[in-house]
Number of protein chains: 2
Amino acid sequence: MSEVDLNAVREAHARIRERIHWTPVMTSARLDELAGAHLFFKCENFQETGSFKARGATNAVLSLTDAEASRGVATHSSGNHAAALSWAAGLRGVPAFVVMPSTASRIKIDAVERYGGRIVFCEPTHRAREEAADRVVRETGAVLIHPYNNPRIIAGQGTAALEFLGEHPDLDAIICPVGGGGLLAGTSIVAKGLRPGIRVLGAEPEGAADTKLSFESARRQQVDHPSSIADGLLAFVGDMTFPVIRRLVDSVAVVSDHDIAAAVRSFLEVMKIVVEPSGAVGYAAVAAKTAEVAGLRVGIILSGGNLDLERTPWLK
Amino acid sequence: MSEVDLNAVREAHARIRERIHWTPVMTSARLDELAGAHLFFKCENFQETGSFKARGATNAVLSLTDAEASRGVATHSSGNHAAALSWAAGLRGVPAFVVMPSTASRIKIDAVERYGGRIVFCEPTHRAREEAADRVVRETGAVLIHPYNNPRIIAGQGTAALEFLGEHPDLDAIICPVGGGGLLAGTSIVAKGLRPGIRVLGAEPEGAADTKLSFESARRQQVDHPSSIADGLLAFVGDMTFPVIRRLVDSVAVVSDHDIAAAVRSFLEVMKIVVEPSGAVGYAAVAAKTAEVAGLRVGIILSGGNLDLERTPWLK
């Protein structure tokens with residue numbers, strides 16, 4: 001499998017749809033008023049494991065042959081992808097090995113354990129994680145499932161947009177968060193495939209704006225010491241996702257942590273739903289008007305709801 | 001209008017249904033597992049103004065004759081009923097006068113102001129509030145709309161159960177919070193009217209367990225200094241609601257503030273929805289097993305979502 005196209009996303013959806021939630025789309029007259037646009041929120045915070053990552057992980061796990069799957073899957077991501085992969089492996093009855101830094105938060109450890117993932121702790125450096133992951137793969141024969149540089153992951157993440165545009169085919173624009181770029185790549189493939197005139201926007205925190213930098217210079221460029229309360233979006237945009245994003249995405253909006261926190265509060269206070277900071281950047285960009293969508297019908301993917309209540313000093 | 005019956009609730013629903021939300025019913029495999037029962041959650045936290053109070057208030061306001069409505073409506077409740085009445089009055093284009101103690105929280109004041117209510121501040125005593133309300137009614141000619149001792153309010157609150165049992169006619173039990181008793185009275189009228197064999201349960205905080213005390217002694221009895229984080233449930237069960245509750249409700253469960261806080265956290269962490277403490281007592285009673293519903297199909301009304309993030313030290 002090489003290039004991901006609309007057909008690959010449709011096949012992914014057929015493969016996973018009985019296992020995942022077809023998440024609801026919510027609206028809010030008050031947020032429309034604040035934003036000056038007509039907003040539709042695709043609630044992936046209600047997805048299995050609390051984020052869209054269940055889509056890609058399920059597609060990747062169910063795509064393996066029996067021989068491949070038999071020894072399990074592995075990852076060295078410790079956030080929502082780790083929980084999702086653990087859960088998806090459980091659906092197939094195979095183990096998931098998750099390499100995590102010894103400094104990982106209790107809530108992330110709990111999530112992986114809840115879904116039956118087997119945690120392999122390592123030193124909290126990038127190098128130690130990769131080495132630990134290599135060792136796990138070598139010793140167990142598990143298949144490493146990268147959180148975004150993987151065509152089946154990208155196709156799986158695109159299924160959220162497939163449901164979204166299936167229900168709301170007349171959106172003028174669609175916006176989603178970008179970290180490693182799996183969701184944005186999948187979303188852009190679906191959106192431009194189904195509706196060539198639609199505007200596709202990515203949104204990322206200003207403390208980790210590598211995609212904006214890369215997009216505008218047409219060259220993948222990393223930023224030093226990425227940092228944000230949107231801790232799911234610190235990854236460097238992938239070498240498999242960036243070419244897709246460059247080709248199909250119209251613009252990348254950047255938002256401050258202050259605006260992200262305000263967006264999380266709006267979801268809690270106005271819409272009565274829990275959206276984690278990484279999941280709220282799309283709306284944050286619209287509300288702060290760094291994404292230019294005034295007057296449009298805008299689809300916003302709320303990508304996750306795993307808010308760590310113990311680490312939200314900015315919430316009050 | 002004297003006694004509220006199923007027909008009055010049906011008429012109320014016909015009157016208000018275009019103005020309010022037909023709220024969704026959610027489920028959670030994980031909460032089912034924790035509770036040992038099959039749970040269905042009626043999400044009145046997603047209702048207009050953030051609580052079921054919009055139902056009764058809208059029914060009461062729309063039931064007034066033009067002459068009655070012309071001078072507006074009034075209340076001396078300062079919580080969700082005040083916000084709901086302000087909003088409902090706005091639908092009809094008439095003023096709502098809300099008597100509030102000068103010590104009311106910013107979030108309650110904001111909610112009433114957002115919906116266009118006119119606040120009349122008074123000293124923070126029960127007597128001062130009643131006197132201020134009498135004065136407002138005398139001076140403006142507004143109609144006082146009591147938060148629960150009012151047949152149109154009771155009929156309006158019953159519409160939540162009408163939608164709920166319309167969609168899920170095979171529930172074995174239904175449980176909702178009880179403060180003044182408007183929601184529980186309306187719910188019991190609908191539930192026993194549509195499905196005589198169903199079990200109807202009320203749930204209240206142990207720090208304000210006047211309904212349990214009254215129910216078990218078959219006589220309305222107040223408790224001294226009611227207190228709970230479920231601040232919407234401190235009212236004394238009404239003389240109009242209690243006879244209905246005594247006749248139609250099967251039992252009243254009591255829960256600790258500790259269990260209520262745990263329930264609020266479960267909604268945030270597992271279901272990714274915001275439920276205020278008063279709205280969470282039904283599930284809290286089921287999870288803490290003070291409501292005996294093991295193995296049953298249980299309908300739980302999540303009555304509101306107006307969580308004050310600045311007053312939740314117990315959330316972490």
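## Salt bridges, a two-fold pair and an enclosed helix

Let's start with a charged pair: in chain B, the side chains of Glu113(B) and Arg106(B) meet in a salt bridge, with 3.6 Å from N to O. The term salt bridge here covers a side-chain nitrogen of Lys or Arg within 4 Å of a carboxyl oxygen of Asp or Glu. Side chains of opposite charge can pair when their charged atoms come close. Glu113(B) counts as partly exposed at 44% relative accessibility, while Arg106(B) counts as exposed at 51%. For these classes, buried stands for under 20% relative accessible area, exposed for over 50%, and partly exposed for what lies in between, using a 1.4 Å probe and protein chains only.

A word on conventions before we go on. This is a predicted model, in which local features need pLDDT of at least 70 and side-chain atom pairs count only at pLDDT 80 or more, while totals for chains, interfaces and linings use all residues. Residues are numbered from 1 along each chain as its sequence is written, chains are lettered from A and ligands numbered from 1 in the order in which they are written, and side-chain values use heavy atoms, with hydrogens and water left out.

Over all chains, the structure holds 24 salt bridges. Sharing of partners joins Lys42(A), Glu44(A), Arg55(A) and Glu163(A) into one network of salt bridges. Another salt bridge links Glu131(A) to Arg127(A), at 3.3 Å from N to O. These two residues are four apart in helix 7 (residues 126–140) of chain A, so about one helical turn separates them. (Helices, H or I of at least four residues, and strands, E of at least two, are DSSP runs numbered from the N terminus.) Glu131(A) is partly exposed at 41% relative accessible area, and Arg127(A) is exposed at 63%.

Over in chain B, Asp66(B) forms a salt bridge with Arg92(B), and their closest N and O atoms are 2.7 Å apart. Asp66(B) sits in helix 4 (residues 66–69) and Arg92(B) in helix 5 (residues 80–92) of chain B, so this pair ties together parts that are 26 residues apart in sequence. Asp66(B) is exposed, at 63% relative accessibility, whereas Arg92(B) is partly exposed, with a relative accessible area of 23%.

How do the two chains sit relative to each other? Chain B is superposed on chain A by a rotation of 180° with 0.0 Å of shift along its axis, at an RMSD of 0.0 Å; the fit is by least squares on the C-alpha atoms of residues with pLDDT of at least 70 in both copies. The two copies are thus related as by a two-fold rotation axis. In chain B, the C-alpha nearest that axis belongs to Ile273(B), 2.2 Å from it.

The contact, meaning heavy atoms within 4.5 Å, takes 20 residues from chain B and 20 residues from chain A. Since 100% of the interface residues of chain B are also interface residues in chain A, the copies meet through the same surface. Together the chains bury about 1700 Å², 63% of it on carbon and sulfur atoms. Buried area is the accessible area (1.4 Å probe) that two parts lose on being put together, summed over both. On the side of chain B that touches chain A, the largest share, four residues, comes from helix 13 (residues 257–271) of chain B. Across this interface, the rule finds zero salt bridges.

Inside chain A, helix 3 (residues 53–63) has 10 of its 11 residues buried, so it is largely enclosed by the rest of the structure. Among the buried residues are Arg55(A), Asn59(A) and Val61(A). The elements covering them include helix 1 (6–16), strand 2 (38–43), strand 3 (73–75), helix 5 (80–92) and helix 8 (151–167) of chain A.

What about the cysteines? A search of the whole structure finds zero disulfides over all chains, a disulfide being a pair of cysteine sulfur atoms within 2.5 Å. The sulfur of Cys176(A) is 15 Å from the closest cysteine sulfur, in Cys43(A), which is too far for a bond. Cys176(A) is buried, with a relative accessible area of 0%. Cys43(B) is in no disulfide either, and the nearest cysteine sulfur, that of Cys43(A), is 12 Å away. Cys43(B) is buried, with a relative accessible area of 0%.
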